[in-house]
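Hi everyone, thanks for coming. Let me put the structure up on the screen, and then we'll walk through it together.

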Amino acid sequence: MKSGRNEGPIGRQVETTGSMRAPIPGLTGLRFFAAAGVVLSHAIPTIIKSPDPPLWLQVLSQTAAEGMPLFFVLSGFVIFYNYSGSVSRPVGLYNFFIARFSRLYPLYFVGVSYDLLMKFAYSQVPETFAALPYYATMTQSWFYVPIGQHALIYQYGLVPSVAWSISTEWFFYLAFPFICRAILLLRSLRATLLAILGLVVAAYVGFVMLNLNNAVIESLAVRAFGPIAANQQDSFFRWLMYFSPYARIVEFTLGCLCAALHMRLAPIAVSSAERRFGLGLTIAALAGIATMHYVMFGLQSGALWHRILIGLHLNFAFAPLLATLIFCCARYRNAIVRVFAHPLLVTFGEASYSLYLLHLLPVFAYRWEAPPVTSPRVAVGGVLQLILTLMSAIGLSLVSHALIEVPAQRLLRRLMIRKRTEPAAAAPALAQADAQGAAPTAAG
């Protein structure tokens, strides 16, 4: 729903029910690709059980490396674009948290409750419910806590195993008012560009140094938490680099900065020369993503640079290229952006939160029908089974979005959002955007 907007700097919108602007269809379409990347990474090895998969299938099964950072960068862009002008006032800050809670919690609660009830039905009730307070408060990704045979992330079932990103996203929302205030201190387009460059360089240097000192960090973690801290999937290092909000918040902040850049440029009309530049930049971003993905997962090399690059797949490796693509989808209207804005992809994108959070249910339901690949004919059957699994996951997400997400969100907002209008304080030096805003990401 569009809100009333005054002329002048960003921040003079009137706070109403939470979402500041109408969606940018291209960004909503990108949300579907973010979720689809995660779904493919889980579905391919589960459904196509090949002892020696072809290279193209191995490469395709690693698309979560783009899917997760795309979620987080998109979330930062969307949240800053929609709420940077309202969170500086108490009513705006209150409505922001109500809007985000109503977006995340209802489906999250349903998914986690479903898994717990299924465990009860099959007499698999966990020996301990020590993790439940973390899951109930969406804080399970904030801490490294081994419980039983697994870390805190992997407690209770299928939906909880992917719900870590919801916990991480919730941390971002708590940090957003402070990030927003810092970004609004940037007084010019040049300062915003320098901040983006500085963040990218600092992030790459910091994460490379952490990866190079993996053994030292793991050794210290084993001393503190025991042998589980060195297990590949439950390790402290994997939690630190992949699950924890303390590493992932860099991607969210990059998205916020890109939104600030877009908002500064919004009053400047896109010339024909810039339109051509925008098309080239969009193509370059997509080509860069594809090339980095192939080099990371399609090449076999023991070289130090390749080990460093593979280490970065846990976070941020693709973030600058994805941020560039997001910026292009927000500012330009070229042929590629129109593909992302196709109505079918937008429909799927609206349901991307359900697709992400619930996709393991159909994936693991279909795994019993997927035989090991022993011949080309069986491989054909595996591909068909994979297509059916993906269609089922998308169908489930559309039903969940319509029957759970939307009604629950409307109900909570109607009950809890403060209806009184109140202009937010003007933020310095950021021009009021005249383009349309973006809808929330799957986890945003």
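**Salt bridges and packed helices**

Let's start inside one helix: Glu251 and Arg248 both sit in helix 11, which covers residues 245-265, and they are three residues apart, about one turn of the helix. Those two form a salt bridge, with the closest N and O atoms 3.0 Å apart. Are they buried or exposed? Both Glu251 and Arg248 are buried.

Oh, and before I go on: what you're looking at is a predicted model. Please keep that in mind for everything I say.

Okay, the big picture. The protein has 444 residues, and 55% of them count as buried. As for secondary structure, there are 19 helices and two strands. And if you take the contacts with a separation of 6 or more, 83% of them come from residues 24 or more positions apart.

Back to salt bridges. In general, side chains of opposite charge can pair when their charged atoms come close. How many salt bridges does the structure hold? It holds four, and the Glu251 and Arg248 pair is one you've already met.

Another one joins Arg331 and Glu274, where the closest N and O atoms are 2.8 Å apart. Here the partners come from two helices: Arg331 is in helix 14, residues 319-331, and Glu274 is in helix 12, residues 272-298, so the pair ties together parts that are 57 residues apart in sequence. Arg331 counts as buried, at 10% relative accessibility. Glu274 is buried too, with a relative accessible area of 18%; the cut-off for buried is under 20%, so that value falls inside it.

Then there's Glu350 with Arg31, whose closest N and O atoms are 3.8 Å apart. Why does this pair tie together parts that are 319 residues apart in sequence? Because Glu350 lies in helix 16, residues 343-350, while Arg31 lies in helix 1, residues 25-47. Now look at how the two partners sit. Arg31 counts as buried, at 1% relative accessibility, whereas Glu350 is partly exposed, with a relative accessible area of 27%.

Next, helix packing. Two packed helices are described by the angle between their axes and the distance between the axes. Let's do that for helix 12 and helix 14, the two helices that hold Glu274 and Arg331. Their axes come within 9 Å and cross at roughly 150 degrees. Angles over 145 degrees count as roughly antiparallel, and that makes helix 12 roughly antiparallel to helix 14. The crossing of these two helices is left-handed.

So who is touching whom? On the helix 12 side, the contact includes Glu274, Gly278, Leu281 and Met292, and on the helix 14 side it includes Leu321, Thr324, Cys328 and Arg331. Sorted by class, the residues of that contact are nine nonpolar, four polar and two charged. Notice that Glu274 and Arg331 turn up in the contact, and they're also our salt-bridge pair.

Now a second helix pair: helix 10, residues 236-243, and helix 11. They pack at an angle of about 20 degrees, with their axes 5 Å apart. Are they roughly parallel or roughly antiparallel? Angles under 35 degrees count as roughly parallel, and therefore helix 10 and helix 11 are roughly parallel to each other. Helix 10 brings Trp239, Leu240, Met241, Tyr242 and Phe243 to the contact, and helix 11 brings Pro245, Tyr246, Ala247 and Arg248. By class that's eight nonpolar, no polar and one charged. And there's Arg248 again, the partner of Glu251 from the start of my talk.

Last stop, two single residues. Gly67 is in helix 3, residues 64-83, and counts as buried at 2% relative accessibility. Leaving out residues up to four places away in sequence, Gly67 touches Ala34 and Val38. Gly67 and Val38 are 29 residues apart in sequence, yet their C-alpha atoms are 5.6 Å apart.

Gln149 sits in the loop between strand 1, 146-147, and strand 2, 150-151. Gln149 counts as exposed, at 66% relative accessibility. Again leaving out residues up to four places away, Gln149 touches Ile228 and Asp234. The C-alpha atoms of Gln149 and Asp234 are separated by 8.9 Å, and the two are 85 residues apart along the chain.

That's my tour, thanks for listening!

Technical notes: Residues numbered from 1 in each chain as written. Predicted model: local features only at pLDDT ≥ 70, side-chain atom pairs only at ≥ 80, totals over all residues. Heavy atoms only, no water. Salt bridge = Lys/Arg side-chain N within 4 Å of Asp/Glu carboxyl O. Helix = DSSP H or I, 4+ residues; strand = E, 2+ residues; numbered from the N terminus. Buried < 20%, exposed > 50% of the residue type's maximum accessible area, 1.4 Å probe, protein only. Axes fitted to C-alpha atoms, helices over the stretch in contact; angles between N-to-C directions. Parallel < 35°, antiparallel > 145°, perpendicular 65-115°, else oblique. Contact = heavy atoms within 4.5 Å. Nonpolar A, V, L, I, M, F, W, Y, C, P; charged D, E, K, R; others polar. Left-handed = near helix turned anticlockwise from the far one by under 90°.
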